[in-house]
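Biologist: Before we discuss any details, could you show me the sequence and the model, so that I can ask what lies behind each of the terms you use?

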Amino acid sequence: MSAAPAAPRPVSAEKQADAFGLLLVPPQARTGRMVLPSRVVAFCVVELQKLRHDRTELYTRAVQPALWLLIFGETFTRIKAIPTGGVPYIDYLAPGIIAQSAMFIAIFYGIMIIWERDAGVLAKLLVTPTPRSALITGKAFAAGVKALVQAVVVIVIAALLGVAMTWNPVRLAGVAVAVVLGSAFFSCLSMAIAGIVLTRDRLMGIGQAITMPLFFASNALYPVSIMPGWLQAVSRANPLSYQVDALRGLLLGTPSHLALDYGVLAFAAALGIVAASSLLGRLAQ
């Protein structure tokens, strides 16, 4: 008689799980130097997904820069009241309007984080192991991407009005970097103010109170050289002036100080992230 076949050896649960591609052990938390950047990108993507549900913000915000270029730009180009070094005034104005529209998008970003606090979303985010700086940085760069969309709209309108701008891809990439850095700073400024005032109504009032002074105390509408001395000092401390200077030099080829401009914008954005991150816990209380 032939020997009875040996009983099959029992397969361990782990091997069975491997055979079906299942995991019985929870995955380990990601570690390494890419963790923080990946979380920043994740928060940025979450913010941008909100545009899929409501794109009207992008369309309505295009009205104001269009009016600035069509009415203010065309009128002052005709009367030649502002010295621009031989550049048509509407050309001179276009980079300033790009910076203005980006700032107006970013400066009210703190309202969104107060809304998240009121809805209980912020408290859930803060109990995760993600650093607060990653949350703030993700929101700041999401504001920068939104501002980029607005900048494209302004550039298209300016091109239709005959503004002589460069289409060099390297220079346009530099424009994108300047827009994102400037928007990151102003969005962080808004979120830092939100951490101080704690309510949407107060933030709305302060935002409206500082946007126009920031705009008029910059070189967006006129050269710094024609300002009174005290306003020149304010303009040199205003990050918007450095953003406009970079945009004007890249788009129009006018004399600029790109190394200084990018340095100030990067430093301002980093300082804004630190300030907003330190005040985020107070907002969640």
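Modeller: From the N terminus on, the elements of this predicted model run α-α-α-α-α-α-α-α-α-α-α-α-α, and the protein has 13 helices and zero strands.

Biologist: How do you know that the span of helix α9 is close to the expected one?

Modeller: Helix α9, residues 169–197, has 29 residues and reaches 42 Å from its first C-alpha to its last; the expected span is 1.5 Å times one less than the number of residues, which for α9 gives 42 Å, and the helix is therefore close to expectation.

Biologist: What makes Asn168 a cap of the N-terminal end of α9?

Modeller: A side-chain oxygen of Asn168 lies 2.8 Å from the backbone nitrogen of Val170, and because a polar contact requires N or O atoms within 3.5 Å, this pair satisfies the cut-off. After α9 comes Leu198, with a positive phi near 75°.

Biologist: Why is Arg200, in helix α10, called partly exposed?

Modeller: Its relative accessibility is 36%, and since buried means under 20% and exposed over 50%, Arg200 falls in between and therefore counts as partly exposed.

Biologist: Which residues is Arg200 in contact with, leaving aside its neighbours within four places in sequence?

Modeller: Those residues are Ile111, Ile114, Trp115 and Asp118; the C-alpha atoms of Arg200 and Ile114 are separated by 6.5 Å, although the two residues are 86 apart along the chain.

Biologist: What makes the pairing of Arg200 with Asp118 a polar contact?

Modeller: Their side chains are joined at 3.1 Å, and because the cut-off is within 3.5 Å, the pair qualifies as a polar contact.

Note on methods: Residues are numbered from 1 along each chain as its sequence is written. This is a predicted model: local features need pLDDT of at least 70, side-chain atom pairs count only at pLDDT 80 or more; totals for chains, interfaces and linings use all residues. Side-chain values use heavy atoms; hydrogens and water are left out. Helices (H or I, at least four residues) and strands (E, at least two) are DSSP runs, numbered from the N terminus. A polar contact is a pair of N or O atoms within 3.5 Å; within protein, one must be able to donate a hydrogen and the other to accept it, and residues adjacent in sequence count only if both atoms are side-chain atoms. Buried means under 20% relative accessible area, exposed over 50%, partly exposed in between (1.4 Å probe, protein chains only). Contact means heavy atoms within 4.5 Å.
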